[in-house]
Amino acid sequence: MVKKTKPLIIKEPRSTRDGYGQALLELGRNKNIVALSADLTESTRAHHFEKKYPSRFFQCGVAEQNMITMATGLALEGKVPFASSFGVFLPMRCLDQIRISVCYNQANVKLVATHCGLATGPDGATHQALEDVAALRAIPNLTIIEPCDYHQAIRATKAAAKLRGPVYLRLHRAKLPSLTTSQTKFQINKAQVLQKGTKLTIIGSGPILNEVSKAVEHLNFKPEIINCHTIKPLDKKTILKSVKKTKKALIIQDHQISGGLGSAVAELLSQTIPTKIKIIGVKDKFAESGSPEELLYKYKLDSHAILAGIRNLLK
Amino acid sequence: MKLTNLKSLQLMANQVRQDIIGMLYHAGSGHPAGSLGMADIFTALYFNVLKHHPKKPLMKNRDRLILSNGHICPARYAAMSRAGYFPYKELKSLRKINSRLQGHPSRVDLPALELSTASLGQGLGVAVGMALAARLNKQHHTIYCVSSDGEHDEGSTWEAVNAANKYKLNNIINIIDRNNIQISGYTHKVWPLKSLKEKYQAFNWKVFEINGHNFRQIITTIKKAKTLNQPVCIIAYNTPGKGVSFMENRFEWHGKAPDKEKSVLALIELQRARKKLLKKK
């Protein structure tokens, strides 16, 4: 019997980074799991692992590029490294290392970025990763996952550890209610239909799906809602099946409109079943400090903006 | 095949240099100066220093060799081929479609290369990761990194230098090809590197300075390096283009392949050197 790891003392609601911290701690029972941090150990929730498995934790200082090459070396020797930092530094600061050392080598490195999206809040534009998916989507051999809540982050982290190859986990700081439970199944590359419906397919990833839940309460019909947690490779089958039925799609992402999930879905639909779509995201702007709620409202990513988008699409 | 006497090592290095000229001529592009300059060190590594097995290239206790300045891979390919990793005739496929011998090293195509490299400033960091893994796995092999002086312009190289210091690694040896040239000129004109020795020493590395064309120095220095309890940097003062007089010390030959005429001239010179070596006792 494997000894159970004590759950962390974090009360609901919890963030996706908390889910990562919990999963990493549990994964630590496997001696091949190692963790690296570029100074932001507690902020990325790698500190639980550090405390329990100090010999397998590597502090890399404020030097993200070297953290990624070190992780590559560990991976090529059979370890499963989880390297974490903020989304604005990883992948942004070390994109070349991710492209050549990790992805071209097909090194089994897990890249973990917390503090992604506008919902990062008061730290301001420098710390809100809004371009990370766009930067990474074009790199071959990389799987990109954005779990929507604490429970899904746990599952996604564990699934990433099992998958042989480079994975990018897109995580968040904000503590939001859960959309899934500890029992909800998770499979990489298999989108989750949160709600079956008609007239319209709403596709999103990450905790921003909470805004979708709020928005659809105001509708007099049930749209289909897909939690597309795996941004790459895209679950074409689930998306096409739904859109063939509904004929319209709205995509929401806490990311720049350029190059994110919306672009991935648009690339798919425009080449298979051209469909009227609407992409909601940040419109080619650096944002600012503010609470997550204020930012989502001001930059038109909140439930009001989603509702307006839906009404526009159905006109 | 282990070569221990000086003459056999020099003959092998001469062969490697001839291979490099042939490969680059057939490829029509590539990097001759650095490749020729490192021919002696790669010969010493593959024919004397490394614990390796060409027929079992991924055996667990092999020494790891990372070529961080991947553009000089023709020297490594030639030495590997002569050591028995793959047939000589495959050398002609360098930079050609469907080849395992990519213009810059590709580990996925040829696993014995250990690492795909050539975006400069990444190899040493990966070597540090491999050294940490060896420590965790309680393995006793050595991790060698070959890097260039030019890639010490990259900040990431210095991040890796400090990482080896932080983790007090004693299983890593970085051999720097100090040939004083990079693609657009002499290194001191492009970017001031000043004393690499003092910089490495400041990061608690043990530093040796050697003539990179002197086999005795190469081999004895590495032997000594392996006994030390700290990371080791070997600064190898090399002549870029070594062995081909019209290429020697000329940065113009950093990244340009010789045409037919120049290749013939180079091969004649190398064959003369070979005959001279054979006459030596």
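Here is a short chat about how the two domains of chain A meet in this predicted model.

Trainee: How far apart do the C-alpha centres of domain 1 of chain A and domain 2 of chain A lie?

Mentor: Start with the bounds: domain 1 covers 16–170 and domain 2 covers 192–314. Between the C-alpha centres of these two parts of chain A, the distance is 25 Å.

Trainee: And how many residues does the contact take from each domain?

Mentor: Contact here means heavy atoms within 4.5 Å. On that basis, domain 2 of chain A gives 32 residues and domain 1 of chain A gives 30 residues.

Trainee: Which residues of domain 1 lose the most area to domain 2 of chain A?

Mentor: The two domains bury about 2,200 Å² between them, with 54% of that from carbon and sulfur atoms. On the domain 1 side, three residues together make up 32% of what is buried. They are A:Leu118, A:Arg137 and A:Glu146.

Trainee: Which residue forms a salt bridge with A:Arg137?

Mentor: The count between the two domains is one salt bridge. In the pair with A:Arg137, the closest N and O atoms are 2.6 Å apart, which is inside the 4 Å cut-off, so the pair counts. The partner is A:Glu267.

Trainee: Which element gives the most to the side of domain 1 that touches domain 2 of chain A?

Mentor: The rule finds 20 residue pairs in polar contact across this interface. On the domain 1 side, the elements giving two or more residues are strand 5 (143–145) and helix 5 (132–137) of chain A. The top contributor, with four residues, is helix 5.

Terms used. Residues are numbered from 1 along each chain as its sequence is written. Chains are lettered from A and ligands numbered from 1 in the order in which they are written. This is a predicted model: local features need pLDDT of at least 70, side-chain atom pairs count only at pLDDT 80 or more; totals for chains, interfaces and linings use all residues. Side-chain values use heavy atoms; hydrogens and water are left out. Domain bounds come from an automatic or database domain assignment. Buried area is the accessible area (1.4 Å probe) that two parts lose on being put together, summed over both. A salt bridge is a side-chain nitrogen of Lys or Arg within 4 Å of a carboxyl oxygen of Asp or Glu. A polar contact is a pair of N or O atoms within 3.5 Å; within protein, one must be able to donate a hydrogen and the other to accept it, and residues adjacent in sequence count only if both atoms are side-chain atoms.
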